[in-house]
Amino acid sequence: MTKYVIRRFLGLLPTLFIIITISFFIIRVAPGGPFSREKALPKQILENIEKKYHLDEPLIVQYGRYLLDILRGDLGPSFRYKDHDVNYYILNALPDSMVLGLMSLCLALLLGISTGIVSATRQNSVLDYSSMAVAVIGISIPLFVVGPVLMYIFAIRLDLLPTSGWIMADGSWKTAIMPVATLTLPYFAYLARLSRASILETLRSDYVRTARAKGLSPSVIMFKHILKGALLPVVSYLGPAFANIVTGSIVVETIFRVPGLGIFFIQSAINRDYTLIMGTVIVYSVILLIMNFIVDIAYGFMDPRISYT
Amino acid sequence: MADTAIKGKSVKETQLPLDQFGEPIKGVSLWLDAWRRLKKNRMALIGLSIVILYSIIALLAPVLPIHSYKHQVLDHQYLPPSFTKTAGQLLYERQEALFQQAAKDAGFEAMPAEYVQALEIFREQLATETQEFDGVAVKVHERRYYLGTDGLGRDLLSRIIYGSQVSIAIGLIGTLTAVMIGLIIGSLAGYIGGTFDYIAMRVVDVMYGLPYMLLVIIFMAIFGRNIINLFVCLALVSWLTVSRVVRGQMISLKNSEFVQAARVVGASPGRIIFRHLVPNTLGVVVIFATLQIPNFILLESFLSYLGLGVQAPMASWGSLVRDGVDAVSIYPWMLFFPALAMTIFLFSMNFLGDGLRDALDPQSKNVL
């Protein structure tokens, strides 16, 4: 087991290396650069700037330099934002996105799985149909509609909640309600559908019939027998979902003015801010790889049929 | 044979094996069986009908009696939806209300004569004024806008219908392309195995590890921003899941008897893959495709929200919703109708996809 964990963990490093390499070169292939503006800079100035950021060197030299930099933990200076380097922007924005993401994910898990249990145990009841209808709505409405509509109702019409602001900036928990609610909706919807389908399938299996035949109470069967097997798909969904949600949702963060990481993913790519793009890619893929690794290991503990030998 | 004559059944049917009730067992193909089960699922059928209805409307858009989606009537900005009143009447009422307010603010009891006169001139002007579109003079103020207009005086109903063309096309073409790529790579990787499989799956791993928005933005920058490239870009980042699913199916099927039989009679690998193996994975792929179409439409709307989607004057549901979001507090219909149109379609697609999943589930074969 330990050997498997170590081997699996070391296997992450080449994947990460390939991701870094591919994204480094693919963003250089794209036309336009960090300093190409609508009004072109004078040639001499452009040359000087490019020299400062080592953009005049051959690509392979820049690549080597970049690899050495990130080995030291330095993601380099941003090409667009002059005040700070990439480390600063990411370290400042990531905690906000993480808090927002983790709150939403926990809420989505709690609500989604309990909805899944209720729907599956009362299959084809009104409760089942209505909660699944809500779940389909949840995956059918874009977040950028849910956000403004919530804001219009609760902030502008009813004046109950502030339109923007963020719990980590001003400490008011009220500012967290709408962003968290908005971000929770699609994850809740997906988790509710996923856990319902999975529980329904497990309900038909032989070991559940055996447990029932033994005369165990329904709640013991549900929580000790069914959920353990039925939550496996949920666990494997959690890996990518965690990586996506904690690195920030650009929609929710721009609508509710949460100073998170989401905006950098889009803005840096549009600006061709090479180092900031690489920074966001590295943060995202490190979290994703680690989460998938944890999910793999957790599978071994949850499913006795899987053995790592 | 005499027996068949008595029962009144054809010779051919009696040659079939009989079940326990003495009735011939009819072979049921996967698709016929699935269709029979789908027909029992009311929500899926409603979803299917709505999807067909949307597709018909989108296809017929050029011949439907609706206004142009791109002609701007700048006098008609932000007209509210109305079934009964023409644009001229709405404009007149708007002007009348303004004058009444002005008269009240100035402290007049009734409207002064010059206001009444100005209103009369305005009414005349509304009745006669024409605008030329493509060389044809149109009495624009006699138009009715059932769903209102947008900030440039364009008919929202027509923009939603033409937008549905773009959105549904993106959903269909994007999904088809993604499924084709995923099917080919997944089936080759699963069938050939070895180094090819290893490399293909590492490529999939790496592409999973990249934020897809980065790929879309970079691809769009490399290949240029137009609607065809939008389809292709979305497809290029979405084939990963299909390829994994198909590969898994291939691996589990490639050593089964029917494949060995095909190999024994000398079928080429290409024939085995595409005539024998791929059809067996289609059930999974169809389910994936129906559930992927709404995802593509959402993805396109997300890109439009970021300003990376379709270019004006073309519209998609996403771009309309985005315009609506900006105007929601004053002109709520601009958000409400496009969002409603889009949500109903996505809702139907999702129910259809769920229904197909249940119908194509091999465990429920011949169970009605």
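The following exchange concerns the domains of chains A and B, the build of chain B and the contacts between the two chains.

Me: What makes this model one to be read with cut-offs?
Reply: The model is predicted, so local features need pLDDT of at least 70 and side-chain atom pairs count only at pLDDT 80 or more, while totals for chains, interfaces and linings use all residues. Residues are numbered from 1 along each chain as its sequence is written, and chains are lettered from A and ligands numbered from 1 in the order in which they are written.

Me: How do you know that chain B touches chain A?
Reply: Two residues are in contact if their C-beta atoms, placed from the backbone, lie within 7 Å. By that criterion, 27 residues of chain B are in contact with 34 residues of chain A.

Me: Which elements of chain B give two or more residues to the side that touches chain A?
Reply: They are α8 (194–209), α9 (212–223), α13 (269–305), α14 (317–327) and α15 (333–360) of chain B. Helices are DSSP runs of H or I with at least four residues, strands are runs of E with at least two, and both are numbered from the N terminus. Chain B has 15 helices and two strands.

Me: What share of chain B is called buried?
Reply: A residue is buried if 20 or more other C-beta atoms, placed from the backbone, lie within 10 Å of its own. Of the 368 residues in chain B, 37% are buried.

Me: Why are domains named in chains A and B?
Reply: Domain bounds come from an automatic or database domain assignment. Chain A is divided into domain 1 (2–71) and domain 2 (94–271), with C-alpha centres 35 Å apart. Chain B has domain 1 (82–142) and domain 2 (161–360), with C-alpha centres 50 Å apart.

Note on methods
A residue is buried if 20 or more other C-beta atoms lie within 10 Å of its own, exposed if 12 or fewer, and partly exposed in between; C-beta atoms are placed from the backbone.
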